[in-house]
Structure formats: structure tokens, C-alpha cells
Amino acid sequence: MLSSPVFKKLPTKTYGVLVQRPYLNRVRDKLLGMNVSWTQLSSDQTQEPTSPCKDDCLSSSRLIIVDPPLKGGRKNRRGYIILIVRDAVLSSLNDLPPIARQNISSGMELTYTLSILQHEMNPDFVGSNLWLLLREKGFNFLSDVLRVDCYPRDKTDDICLSLQRATERVGTISMSKSTSKCTYNLYLVLDDEVSCYWIGLEVCGDHTKFNDHASRQVLISSTDSRTGVGSNEDETISSCIPVSRAFYKLCQVWEEELSQVLSDCLSASALDIGSAPGGWTQILAQHFSTVISVDPGILSRRVADMRGVKHIRGDMCSEAVITEISQTTKLLSLLVCDASTNSHETFPKLLKLIERLGQGHWKLPCAWVVTLKLPYKTKGSLERNLNKALQHIPHQLQAIANFSFSESSSISIRFKVVHLIANSESERTIIALFDRQ
């Protein structure tokens with residue numbers, strides 16, 4: 001244990017990550033285990049629409065953003081931002097899903113803070129104390145190679161030179177920028193507000209895979225939109241390999257929200273609106289005995305060949321489509337929609353479909369999962385369009401109940417609006433549950 005008074009030991013599960021700005025809040029929520037609360041829809045619809053809220057309020061003692069987000073258009077907010085989280089719920093950054101880790105440049109569990117208060121003018125103060133830490137952790141001059149990951153980046157050279165000056169009497173530290181060549185990785189984040197460095201030190205080989213390494217774990221094998229067949233597709237490609245990135249949206253919803261609610265899927269069917277090329281249908285076919293996929297486009301061949309999948313080519317509101325849906329022998333338990341329509345068009349089209357389909361086709365409990373694709377030019381316009389959509393959701397969900405159930409007044413409706421890891425910056429996903437009161 002370091003005895004230097006300038007070091008402060010951090011609690012376990014304190015992480016620092018360099019994350020893409022658009023994914024900051026989503027990665028934060030995963031690390032802290034924060035979930036959006038369900039909103040119970042009152043029968044009289046007199047409640048005021050509210051923005052999505054978290055089950056667990058943010059605490060400044062658990063969350064530190066070293067570089068505040070920039071305002072303005074998308075181009076002004078590109079790049080990365082440092083996020084430091086204390087008391088995380090995850091045992092390791094490896095527990096983050098690959099689709100989250102692919103949007104993180106680097107990260108590590110942090111173990112100490114090094115106070116530089118009153119020592120800012122001493123160029124060798126940081127290096128001499130970092131050398132104490134390296135010796136404490138068993139760094140060996142003869143065999144070990146050090147990689148220094150410092151933020152902000154322009155401090156890296158100063159840190160490296162300071163370390164070399166601190167050790168010049170005993171030897172020179174071998175350093176490398178390559179993670180494959182180094183044996184120790186030193187991670188430093190300068191926090192100007194409290195005049196300290198957040199520090200992590202790990203033995204290389206144990207480090208978490210981010211960026212391109214994580215992207216290799218996000219399996220996608222797309223297919224031609226005209227033929228439904230991939231350019232290199234053969235019989236060895238499993239039907240479970242996602243045909244699109246959208247697969248991971250419904251995958252997260254199913255695992256976190258629906259798997260326990262819709263437990264009796266074999267006796268019900270699912271309806272996928274705007275299904276092509278079939279990413280969401282793939283998820284549904286793994287859980288439901290019958291999946292009706294509606295889209296004018298071509299469904300991926302390996303999805304269309306999955307057991308229980310029935311593809312209806314046509315517009316969701318056409319008479320032919322509605323007739324075929326109504327002829328299914330099993331009641332519907334889930335409707336999902338990831339169609340490429342603007343948010344202000346999505347629900348009116350779905351309501352038209354449900355109204356024409358009529359009552360008697362649903363099994364309770366049932367759920368709806370709908371992607372809102374919001375018009376987006378600046379962060380302000382995104383928030384305005386989201387708030388506008390939120391105002392209409394209670395009335396739209398009540399209309400769904402009225403069209404679908406003969407005794408709609410006895411139906412309980414609750415919903416939440418979430419920003420899934422696989423959602424784009426301008427997408428939000430509505431999850432609604434209908435059940436008897």
C-alpha cells in the first residue's frame with residue numbers, strides 16, 4: 001500500500017473511459033445500472049407528459065465528466081469525452097456489451113488519485129510519485145515495457161519525461177505506444193477542477209477490448225436488398241448471425257424488459273412492421289412460434305427461411321396485408337416497428353393498421369416496441385422533437401387499447417422511452433405494456 005500522502009486509494013469499481021460523445025449517457029447508465037422508470041398511464045389521461053426519468057438519481061459523488069459536452073450541431077459534438085464513474089455495478093469493463101465498447105476508445109479501472117495541489121510548478125513531482133506506484137506494483141526495468149495513456153493528450157510527453165528523470169539514477173524505463181509490446185499500461189486523467197490525476201495501472205494482456213477489437217464481436221452479415229442474399233453467403237452462415245445492426249436494438253429490449261413479461265411466447269405470435277432486411281424478425285423467431293414480418297422490401301433469405309417466419313410484402317395499411325394478418329391462427333402478443341419513417345408519421349400509420357385490424361387479435365399481456373426516428377439538425381431541435389413526440393404518446397397508447405380491446409377501460413397501460421445502445425443519436429425506442437388491471 002502506497003504510504004505517500006498525495007495518493008488516495010479509490011474504491012473498487014471506479015472506472016475511467018474515453019467514450020464517443022453521443023454515447024456518453026448510454027455508457028454512463030450501463031456502468032451505473034440506471035434504468036428508465038415505467039410511466040403508468042392513467043385512465044383519464046389527465047397526467048402531464050413527462051421526460052424519461054431514471055430509477056436511480058445521478059450523484060455527483062458517483063459521476064465525473066472531465067470535459068463538459070459541447071453545444072451546437074453534430075459536427076461540433078464529434079470526438080471523445082472522459083467519463084469517470086465510481087461505485088459502478090459492473091465487475092469489469094468487459095461486462096459492457098460489445099456494441100457499447102466499440103464506441104469507447106480506451107478505459108481502465110482506476111485505483112488512485114494523485115493530488116498535485118501546490119505542486120503544479122514542480123515538473124518532476126508527478127513523475128517521482130508515479131515511479132513509487134510502479135515500484136509498488138512490481139515494475140521491472142530489465143523485463144517490463146510501459147505504455148502511458150494520458151488525458152489530455154498534450155500532457156503525455158511531459159509525464160513520460162518526468163518519469164524518466166525520476167528514474168535516471170537507476171535506469172531508463174522502456175516505453176512503447178503499442179499495447180501489444182508493453183507489459184504495463186499506465187492510465188492518467190487530469191482533473192483540473194480538483195487539481196489531481198486519476199490513475200489506473202494494469203498488466204497488459206488483461207486489458208479490455210475497445211473500438212475495433214470490440215467491433216469484431218458485433219457480428220453482422222448483411223444481405224443484398226434486391227435479392228435477400230449476401231455477397232459471400234453460403235449455407236454455413238447461421239440464421240442467428242444478425243443481418244443488420246438493428247438486431248441489437250431489440251436484443252437489448254428483449255433481454256432487459258420483455259423476457260420475463262412475455263414468458264408464454266410459444267402460444268402466441270409476433271408482428272414485425274417495417275421488418276426488412278429482418279434483424280428484428282431474427283430475434284422474434286428465436287422466441288415465438290409464429291412471426292409475421294411486414295415490409296414492401298425483400299427479407300433476408302436466411303431470415304425468411306427461419307421456422308415460423310411469414311413475410312408479407314406490402315404496405316402496412318394495405319387491405320391485402322391486413323387480411324393476411326387477421327388470418328393468423330394465433331393471437332398476437334407483441335408488435336415491433338423499426339420502420340424508416342419520421343416519428344410524426346409512425347404512430348398514425350400504426351393506429352390506422354390497428355383500427356382496420358379490429359379487436360380480438362391480441363393476447364394479454366402484450367407489448368409494443370416502436371422506434372421513433374426524430375428529425376435532427378442540432379441538439380436543441382432533437383430535444384424539441386422528442387418532447388413533441390412525448391406529448392402525444394399517452395393519447396396514442398390509449399387509442400391502441402381502444403382499437404384492440406373490447407373492454408379498454410379495464411386495460412392497464414405503462415410505458416417507457418429509452419435510448420438503446422444501438423439507437424442512433426436521433427432515435428428513441430418506446431416500450432409499452434398492456435395487461436388487465
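In this predicted model, the loop between β1 (7-9) and β2 (15-20) holds Lys 13. The backbone there is unusual in sign: Lys 13 has a positive phi of about 65° although it is not a glycine. With a relative accessible area of 29%, Lys 13 is partly exposed, because that class covers values between the 20% limit for buried and the 50% limit for exposed.

A second residue with such a backbone angle is Gln 118. Its phi is positive, about 70°, and Gln 118 is not a glycine either. Gln 118 sits in the loop between β7 (112-115) and α3 (125-136). Its relative accessibility is 73%, so Gln 118 counts as exposed, the cut-off for that class being over 50%.

The strand that follows the loop of Lys 13 is β2 (15-20), and β2 belongs to a sheet. This sheet is open, is built from 4 strands, and has the order β4-β5-β2-β6 with antiparallel pairing. Which strands stand at its edges? They are β4 (63-65) and β6 (104-109). Each of these has a single partner strand, so one side of β4 and one side of β6 are left without a neighbour in the sheet. On average, neighbouring strands of this sheet are turned by 20° against each other, direction ignored.

The pairing of β2 with β6 can be followed down to residues. These two strands pair in the antiparallel sense over 5 bridges. One residue to look at is Val 19, whose bridge partner in β6 is Ile 104.

A helix also belongs to this part of the model. Helix α1, residues 24-32, lies across β2, β4, β5 and β6. Taking β5 (80-85) as the reference strand, α1 runs at about 20° to β5.

The remaining points concern cis peptide bonds that precede proline. From Ala 276 to Pro 277 the peptide bond is cis, and its omega is near 5°. Where does Pro 277 lie? Pro 277 is found in the loop between β12 (269-273) and α7 (279-285). From Leu 364 to Pro 365 the peptide bond is cis as well, with omega near -5°. The setting of Pro 365 is a strand, namely β16, which spans residues 362-373. To locate these bonds in the model, look for Pro 277 in the loop between β12 and α7, and for Pro 365 within strand β16.

Note on methods:
Residues numbered from 1 in each chain as written. Predicted model: local features only at pLDDT ≥ 70, side-chain atom pairs only at ≥ 80, totals over all residues. Heavy atoms only, no water. Buried < 20%, exposed > 50% of the residue type's maximum accessible area, 1.4 Å probe, protein only. Pairing = 2+ DSSP bridges. Axes fitted to C-alpha atoms, helices over the stretch in contact; angles between N-to-C directions. Contact = heavy atoms within 4.5 Å.
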